[in-house]
Amino acid sequence: MKKMILLFLLCFAFMINFSDVKAERGKVSIKGNFQYSYKIQKGGVWITNIRPLSDHGISTLKIPSKLAGKKVVKLGSSKDRMDSLGDNEPNLFGVEYSGEDDGTYVPADVYERVKKIKTIRIPDTVKKITYQCFDDIPAGKDINIPKGVVENVEQFTYYKNWNKVTISPKNKKYKEVDGCLLTKNGKKLLGFFTKKKEMVIPKMVRTISLDEGD
């Protein structure tokens, strides 16, 4: 009898632990050569992680506009919070700086695969991108910023490692001109998306307000 009770308690504990792990990981969907981990919230789907599943066929990452029949409205790790600013949190691909002097990133295999992505297409349904969502991304990629994203856009200029950044002309707060991030009216320069020996400041700019990340 005691053995039966003990076995029952062990099974019950396992079920609780499994439930907690499942809740923490959220739901998973595989589309093409990418795996998407996500949560369903009141406003729509929040993609918390994107993992490349192959070394091939991943040059273009087209983030789906819908998962589980609901609109994708948010991107970024669930650990990424503005109140954790300064902490080393994983980006959208689960990659973060190792903290070592050799400048490596972990998990190394995921980081190497992310290098192979050349274009990231974010759907217009996305309204929010977390602060460190695209930190520590290997250089040379094209990416777009949808019309509804008006928070954390300046963070895209922190590493200046993009090949090209396109901002929707319907975005009410920002615009991009010649690799520069400007306010919508074009009068204030907020940062640079790329690293070049020479950057030409658009003639319309009247004020420069740079928060240099490096």
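Two strands are said to pair if DSSP finds at least two bridges between them. In this predicted model, that criterion is met by strands β3 and β6 (residues 70–75), which are joined by three bridges and run parallel. Within this pairing, Ile47 stands opposite Leu75 in β6.

**Strand β3 and its partners**

Strand β3 covers residues 44–52, and eight of its nine residues are buried, so the strand is largely enclosed by the rest of the structure. Buried here means under 20% relative accessible area. Besides β6, strand β3 also pairs with strand β2 (residues 34–41): eight bridges join the two, and they run antiparallel. Gln35 stands opposite Arg51 in β3. Strands β2 and β3 form a hairpin, with two residues between them. In general, strands of a sheet pair through backbone hydrogen bonds, in either a parallel or an antiparallel manner.

**A four-stranded open sheet**

Further along the chain, four strands form an open sheet in the order β13-β14-β15-β16, with mixed pairing. The edge strands of this sheet are β13 (174–177) and β16 (207–208), each of which pairs on one side only. Strand β15 (residues 188–192) is joined to β16 by two bridges, and these strands run parallel. Lys188 has Thr207 in β16 as its bridge partner.

**Strand pairings described above**

| Strands | Bridges | Direction |
|---|---|---|
| β2 and β3 | eight bridges | antiparallel |
| β3 and β6 | three bridges | parallel |
| β15 and β16 | two bridges | parallel |

How values were computed. Residues are numbered from 1 along each chain as its sequence is written. This is a predicted model: local features need pLDDT of at least 70, side-chain atom pairs count only at pLDDT 80 or more; totals for chains, interfaces and linings use all residues. Side-chain values use heavy atoms; hydrogens and water are left out. Buried means under 20% relative accessible area, exposed over 50%, partly exposed in between (1.4 Å probe, protein chains only).
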